[in-house]
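Thanks for asking me to look this one over. Here are my notes, set out point by point so you can follow along in your viewer.

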Amino acid sequence: MARRVLSVASECVPLLKTGGLADVVGALPGALAGQGWTMRVLMPAYPGLAAKLKGARKVWAQKDLFGGPGRVLAGRAGGLEMLLLDAPHLYDRAGGPYGDAAGDYPDNPERFAALSWAAARIAAEGMADGWRPEIVHCHDWQAGFAPAYMRFAGTRGVGTVMSVHNIAFQGTAPADRLDTLRLPEAAFTRELLEYWGGLSSLKAGLVTADAITTVSPTYAAELMRPEFGMGLDGVIRARAGDLHGILNGIDTMVWNPETDPAIHPYNARAPAGKRRNRAALLDEFGLGEVPGPLAVVISRLTEQKGLDLLPDLLDEFTWRGGGLIVLGTGEARIEMALRHRADENPGRIAVRIGYDEALAHRLFAGGDAVLVPSRFEPCGLTQMYGLRYGTVPLVAATGGLNDTVIDANPAALDAGAATGVVFAPTDALALGQGLRRLVALHGDGPAWRRMRRNGMTARLDWTRSSRAYADLYESRAP
Ligand code: ADP
Ligand code: GLC
């Protein structure tokens with residue numbers, strides 16, 4: 001019989017996505033199926049989601065789930081076995097999944113503690129259809145309390161895995177919420193729940209789960225350092241022996257330039273089709289001729305992503321022949337600085353503020369290079385989409401960027417192994433130099449074509465990593 005994992009997360013493709021977490025949570029069930037593990041994904045029933053479930057049936061309920069009734073609906077969506085936690089007092093909100101125009105919802109600690117609580121109860125009792133997991137796999141702070149609830153309830157026979165997709169988000173709450181969060185006062189110690197005088201659901205998960213994973217080998221090493229651990233590095237160092245860096249894969253069916261319905265198709269053997277996508281893109285954005293590399297950015301526009309460094313470097317980049325199209329949303333100051341540059345140089349720079357899946361595909365297809373100058377990047381998916389689409393990534397040497405792109409240094413060029421440009425540290429000087437190298441490489445036809453082909457034929461799917469997860473589950477299952 002197939003083995004059973006309950007995956008717990010705040011977002012999952014195809015139902016709801018704000019970032020790479022949703023891509024990964026949505027890809028894991030398919031990847032693990034090939035390894036003999038069935039995975040059900042538990043997430044909140046945000047407005048409209050329950051209607052998208054096929055064959056929905058109630059499999060779990062609790063009368064008082066943090067201030068109102070909660071029930072879990074099981075059904076299928078996009079080929080996945082989904083479990084939606086329906087609790088209108090927590091999730092039926094007009095804004096986004098985490099907040100609205102006024103900022104984060106003040107009861108976020110309780111909203112996601114409830115998700116974790118439901119997971120812990122399902123682990124202890126199973127569901128109405130008899131399904132009970134052998135492993136609970138928790139993603140990020142929203143699921144962090146689940147292993148803690150299981151520990152405090154004395155639940156046996158179910159292993160727990162805590163995955164860190166981004167340590168910057170820690171699910172902190174004041175200590176006086178212990179009670180409303182259903183946590184035992186006796187556990188408010190440094191070894192367990194206490195975190196700099198308050199609470200953190202991520203810390204709770206990190207100290208109570210059987211194993212910890214993060215989404216790249218380099219980020220696993222970085223997390224143990226104060227510069228990257230953001231206050232949790234000590235907690236992670238203490239568990240170094242249980243920490244696994246497992247690189248994310250990408251969905252190579254959705255991200256396939258040969259079959260992508262959003263673009264003019266092409267492949268590694270006949271990349272000429274890429275030129276049509278480039279021309280269409282220049283046309284769509286009203287850009288003039290771009291003799292150098294056409295760079296694209298598809299990203300949250302935040303400090304993490306290092307995109308605040310870009311505006312000041314664009315005069316030189318465009319003077320050297322480059323062009324730029326940005327798609328993203330985020331911090332107002334970064335949006336404004338980029339827009340300002342586009343207004344000054346409308347023939348070479350275009351900025352689209354917003355979230356647009358189809359446009360993202362057109363940008364990966366039509367761009368020559370994708371820029372990912374992150375200050376930290378647990379894994380990063382866009383550099384891998386770039387590789388797959390022959391859009392050479394320029395990335396900072398951090399986290400998963402460092403594990404997925406091979407820098408075009410002389411040795412790698414001689415060996416024919418280079419796939420992109422890697423720079424360090426993440427500052428304006430090094431990024432500026434990276435952009436100069438990008439322009440120079442673009443001007444070297446044979447080297448550029450070789451890099452592009454290397455990227456397009458690189459193994460980016462889930463095969464290797466799904467085996468690593470399966471081995472980990474196996475080692476932690478009862
Ligand atoms: P993060 O999760 O930190 O935002 P990732 O690189 O792991 O970074 O994942 C980001 C995902 O969101 C990718 O699938 C990317 O294509 C997508 N994305 C980001 N911004 C946009 C946007 N404005 N429009 C469409 N897709 C976007
Ligand atoms: C987070 C990280 C990103 C990673 C994604 C999926 O959002 O910021 O680097 O790719 O999770 O694991």
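1. How far is an oxygen atom of ligand 2 from an N or O atom in the side chain of Asn-166? The distance is 3.4 Å. Please bear in mind while reading that this is a predicted model.

2. Two further side chains make polar contacts with ligand 2. A polar side-chain atom of His-165 lies 2.7 Å from an oxygen atom of the ligand, and an N or O atom in the side chain of Asn-248 is 2.8 Å from an oxygen atom of ligand 2. On its own, ligand 2 exposes 310 Å², and the protein buries 93% of that.

3. Now for the wider surroundings of ligand 2. There are 13 residues around it, and the nearest are His-165, Asn-248, Glu-377, Cys-379 and Gly-380. By class, this shell consists of five nonpolar, six polar and two charged residues. Helix H1 gives the largest share, with three residues.

4. Moving on to ligand 1, you will find 19 residues around it, with Lys-17, Gly-20, Asp-23, Arg-300 and Gly-354 the closest. The shell contains six nonpolar, seven polar and six charged residues.

5. Which elements supply at least two residues each to the shell around ligand 1? They are helix H1 (20-33), strand E15 (294-301), strand E16 (323-330) and helix H13 (382-388). The largest share, three residues, comes from E15.

6. The polar contacts of ligand 1 involve both side chains and backbone. A polar side-chain atom of Asp-23 is 2.8 Å from an oxygen atom of the ligand, while the side chain of Lys-305 places an N or O atom 2.9 Å from an oxygen atom of ligand 1. For Asp-356, a polar backbone atom lies 3.0 Å from a nitrogen atom of ligand 1. Alone, ligand 1 has 560 Å² of accessible area, of which the protein covers 92%.

7. Away from the ligands, have a look at the open sheet of three strands, ordered E10-E12-E11 with antiparallel pairing. Strand E10 (172-173) and strand E11 (194-195) are at the edges with a single partner strand each, so one side of each has no neighbour in the sheet.

8. Between E10 and strand E12 (residues 198-200), the antiparallel pairing runs over two bridges, and Thr-172 stands opposite Ser-200 in E12. Helix H5 (residues 201-208) packs on this sheet and touches E11 and E12; the direction of H5 makes about 65° with that of E12.

Terms used: Residues numbered from 1 in each chain as written. Chains lettered and ligands numbered in written order. Predicted model: local features only at pLDDT ≥ 70, side-chain atom pairs only at ≥ 80, totals over all residues. Heavy atoms only, no water. Near = heavy atom within 4 Å. Polar contact = N/O pair within 3.5 Å; in protein donor to acceptor, adjacent residues only side chain to side chain. Areas by Shrake-Rupley, 256 points an atom, 1.4 Å probe, with all protein chains shown as cover. Helix = DSSP H or I, 4+ residues; strand = E, 2+ residues; numbered from the N terminus. Nonpolar A, V, L, I, M, F, W, Y, C, P; charged D, E, K, R; others polar. Pairing = 2+ DSSP bridges. Contact = heavy atoms within 4.5 Å. Axes fitted to C-alpha atoms, helices over the stretch in contact; angles between N-to-C directions.
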